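The exchange below takes up several terms used to describe a structure and asks what each of them rests on. Please keep the sequence and the model in view while reading.

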Amino acid sequence: MFFHIVLERNMQLHPRYFGRNLRDNLVSKLMKDVEGTCSGRHGFVVAVTGIENIGKGLIRDGTGFVTFPVKYQCVVFRPFKGEILEAVVTMVNKMGFFAEAGPVQIFVSNHLIPDDMEFQSGDMPNYTTSDGSVKIQKDSEVRLKIIGTRVDATEIFCIGTIKDDFLGVINDPTTV
Amino acid sequence: MSGEEEENAAELKIGDEFLKAKCLMNCEVSLILEHKYEQLQQSSDDAVNQVSQVFEKSLQYVKRFSRYKNPDAVRQVREILARYQLAEFELCVLGNLCPETVEEAIAMVPSIKTRGRAQDDEAIEKMLNDLSLIKKFE
């Protein structure tokens with residue numbers, strides 16, 4: 001799920017950026033620093049949308065650098081266990097398939113794919129029901145439930161399932 | 001990590017910080033990110049090339065999975081869902097997935113039933129109807 005939250009960060013700024021454009025410099029450095037990062041607690045920082053307030057700077061002894069506490073609003077993407085979301089399949093193999101929902105990767109093991117779907121190898125590996133009516137392959141859109149998350153220093157990785165009611169390939173053509 | 005283990009979106013256990021935070025539906029994120037992308041394009045040429053992978057992937061994702069495209073519809077969806085005393089998180093899951101039946105809605109957001117609020121099937125059905133109307137007239 002995407003959230004709009006307020007985060008705080010202490011920004012160190014080199015003295016050469018002081019002057020009229022201090023604020024602009026601080027903001028662009030903030031964007032460069034935090035956008036695209038990921039933490040286990042807040043998830044992926046997608047975009048900074050605004051600055052709430054910039055506190056008083058504190059001069060560091062010895063270096064001349066100044067630390068500003070900056071409060072900023074940003075859009076983050078944070079997956080939760082138990083959350084249901086839609087994702088795009090990126091890779092299919094006999095172990096299961098990988099899907100992407102925005103910045104996050106989700107793996108669905110073949111144990112968590114309905115039993116009536118069989119793996120078919122070939123040019124375009126896929127999982128297909130015995131009657132061939134439903135097929136999961138690269139670029140398919142699926143609705144899945146996250147059942148586990150693993151948090152790395154710079155990435156969040158999820159395990160999902162499509163073995164439940166109302167999960168699986170989104171076949172409604174109007175939504176594709 | 002102990003707090004991590006307990007999180008479960010189905011029971012709305014997503015941590016205080018996120019429970020109180022504003023959730024965004026995919027369509028809202030799409031509006032925000034596209035606006036930002038346009039701003040970047042105007043500012044300078046290389047700013048667009050410097051956008052993070054996370055930004056790019058998110059933009060592609062929300063564009064692909066936005067149920068409502070025009071800003072008015074997006075606002076209406078939020079207004080309608082806000083009438084039903086939903087938590088932010090529940091509101092956004094419903095707005096993102098657009099379930100068609102009451103059973104589907106409950107499967108997507110189990111917490112609307114378990115939290116003991118007076119959400120009976122009729123109310124949920126009315127809500128889903130209202131949502132599908134917006135989509136129809138968009």
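Q: Which residue is the bridge partner of Val6(A) in S5(A), and what makes S1(A) and S5(A) a pair?
A: In this predicted model, the partner of Val6(A) across the bridge is Gln73(A) in S5(A). Two strands pair if at least two bridges are found between them, and S1(A) and S5(A) are joined over 12 bridges in the antiparallel sense; they therefore count as a pair.

Q: How do you know that S3(A) and S4(A) each pair with S5(A)?
A: The requirement is again at least two bridges. S3(A) is joined to S5(A) by eight bridges, with Val48(A) standing opposite Cys74(A). Strand S4 of chain A, residues 58-59, has two bridges to S5(A), so the requirement of at least two is met here too. Both of these pairings run antiparallel, and in the second of them Leu58(A) faces Thr67(A).

Q: Which residue in the hairpin of S4(A) and S5(A) takes a positive phi, and how many residues lie between the strands?
A: Six residues lie between the two strands of this hairpin, and Gly62(A) takes a positive phi near 85 degrees.

Q: What makes S1(A) and S1(B) a pair, although the two strands belong to separate chains?
A: Strand S1 of chain B, residues 22-24, is joined to S1(A) by three bridges in an antiparallel run, and at least two are needed, so the strands pair. Here Phe2(A) stands opposite Leu24(B).

Q: How many residues does each chain bring to the contact, and which strands of chain A supply at least two residues each?
A: Chain A gives 29 residues and chain B gives 31. On the side of chain A that touches chain B, strands S1, S3, S5, S6 and S7 of chain A each supply at least two residues. The residues of that side divide into 16 nonpolar, five polar and eight charged.

Q: Where do the two domains of chain A lie in its sequence, and how many residues does each bring to their contact?
A: Domain 1 covers 2-77 and domain 2 covers 84-175, as given by an automatic or database domain assignment. Their centres, taken over C-alpha atoms, are separated by 37 Å, while the contact takes five residues from domain 1 and seven residues from domain 2. On the domain 1 side, the residues are three nonpolar, two polar and no charged.

Q: What are the elements of chain B, and in which order do they run?
A: Chain B has 10 helices and one strand, and from the N terminus on its elements run α-α-β-α-α-α-α-α-α-α-α. The C-alpha trace of chain B spans about 55 × 45 × 20 Å along its principal axes.

Q: Why are H6(B) and H7(B) called oblique to each other?
A: Helix H6 of chain B, residues 71-82, packs against helix H7 of chain B, residues 88-97, at an angle of about 130 degrees, with the axes 10 Å apart. Roughly perpendicular covers 65 to 115 degrees and roughly antiparallel begins over 145; the angle of about 130 degrees falls in neither range, and the two helices are therefore oblique.

Q: Which residues meet where H6(B) and H7(B) are in contact?
A: Val77(B), Leu81(B) and Ala82(B) in H6(B) meet Leu91(B), Leu94(B) and Gly95(B) in H7(B). These contact residues divide into five nonpolar, one polar and no charged, with Gly counted as polar. The crossing of H6(B) past H7(B) is right-handed.

How values were computed. Residues are numbered from 1 along each chain as its sequence is written. Chains are lettered from A and ligands numbered from 1 in the order in which they are written. This is a predicted model: local features need pLDDT of at least 70, side-chain atom pairs count only at pLDDT 80 or more; totals for chains, interfaces and linings use all residues. Axes are lines fitted to C-alpha atoms, for helices over the stretch in contact, and angles run from 0 to 180 degrees between N-to-C directions. Helices (H or I, at least four residues) and strands (E, at least two) are DSSP runs, numbered from the N terminus. Angles under 35 degrees count as roughly parallel, over 145 as roughly antiparallel, 65 to 115 as roughly perpendicular and the rest as oblique. A crossing is left-handed if the near helix is turned anticlockwise from the far one by less than a right angle, and right-handed if clockwise. Two residues are in contact if their C-beta atoms, placed from the backbone, lie within 7 Å.
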